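Work through the following exercises with the sequence and the structure side by side, and try each task before reading its solution.

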Amino acid sequence: MTSLKQKTSQTMKPATAAKKLGIYLAAAPTDFQEGVVSREELNALQAEPPQWLQELRQNGPHPRPVVAAKLGISISGLARGGVTEALTTEQIDAIKAENPLWLQHERANQVDARKEAVRIKEKQEKDAAAKAAKEAKAAQAR
């Protein structure tokens with residue numbers, strides 16, 4: 001005899017949902033901050049964002065990963081630059097306009113890191129191709 005279990009909806013903490021939505025939790029409405037968010041609710045928020053979500057995404061305040069992406073640097077670079085709090089779009093634009101030395105330095109670091117990642121990926125692909133060719137040659141010799 002089998003019992004039928006009612007399927008329960010997957011839920012997540014507001015902090016997780018805010019991270020998935022790319023918003024700063026402290027700026028979200030109180031009912032969002034204090035409740036739980038189901039997978040269906042998250043999908044609905046992503047598909048048709050309400051006005052408060054559109055406003056947060058457009059004007060902020062933005063969480064550090066979004067701030068870093070808008071400035072073209074890493075999250076660590078933000079910390080090295082002394083930026084530890086959430087920033088609004090206006091504040092981010094002001095930093096871009098000012099283009100301080102720390103931002104220039106962090107952008108250069110980011111470019112170098114991306115170049116190094118590409119170099120490593122190409123080397124791994126080259127090594128994998130050489131290994132496959134060697135194995136194919138060994139298989140033919142048998």
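**Exercise 1: The pocket**

Task: In this predicted model, find which helix gives the most residues to the lining of the largest pocket, and then describe that lining.

Solution: Begin with the helix that the task asks for, which is H5, since three residues of the lining of the largest pocket come from H5, the highest contribution of any element. Next, place H5 in the sequence at 64-71, and note that helix H1 (14-21) also gives two or more residues to this lining. Then look at the whole lining, which is made up of 14 residues, with Lys19, Ile23, Pro63, Arg64 and Pro65 lying nearest the centre of the pocket. Sorting the lining by class gives nine nonpolar, two polar and three charged residues. Finally, the volume of this largest pocket comes to about 240 Å³.

**Exercise 2: The cores**

Task: Determine how many residues the largest nonpolar core has, and which elements supply at least two of them.

Solution: The largest nonpolar core has 12 residues, among them Met12, Ala17, Phe32, Val37 and Leu42. At least two residues of this core are supplied by each of H1, helix H3 (39-47) and helix H4 (51-59), and the largest share, three residues, belongs to H1. To see one member in its surroundings, take Val37 and set aside its neighbours within four places in sequence: Val37 is then in contact with Gln10, Thr11, Met12, Ala17, Phe32 and Leu42. As a last step, locate the second, separate core, which has 10 residues, including Ala68, Ile73, Val83 and Leu87.

Key: Residues are numbered from 1 along each chain as its sequence is written. This is a predicted model: local features need pLDDT of at least 70, side-chain atom pairs count only at pLDDT 80 or more; totals for chains, interfaces and linings use all residues. Side-chain values use heavy atoms; hydrogens and water are left out. On a 1 Å grid over the protein atoms alone, a cavity is a set of points where a 1.4 Å probe fits but cannot get out, and a pocket is an open set with protein on both sides within 12 Å along at least five of seven lines; lining residues have an atom within 4 Å of a point. Grid points are joined across faces, edges and corners, and a volume is the space filled by probe spheres set on the points. Helices (H or I, at least four residues) and strands (E, at least two) are DSSP runs, numbered from the N terminus. Ala, Val, Leu, Ile, Met, Phe, Trp, Tyr, Cys and Pro count as nonpolar, Asp, Glu, Lys and Arg as charged, and the others, Gly among them, as polar. A nonpolar core is a set of buried Ala, Val, Leu, Ile, Met, Phe, Trp, Tyr and Cys residues joined through side-chain atoms within 4.5 Å. Buried means under 20% relative accessible area, exposed over 50%, partly exposed in between (1.4 Å probe, protein chains only). Contact means heavy atoms within 4.5 Å.
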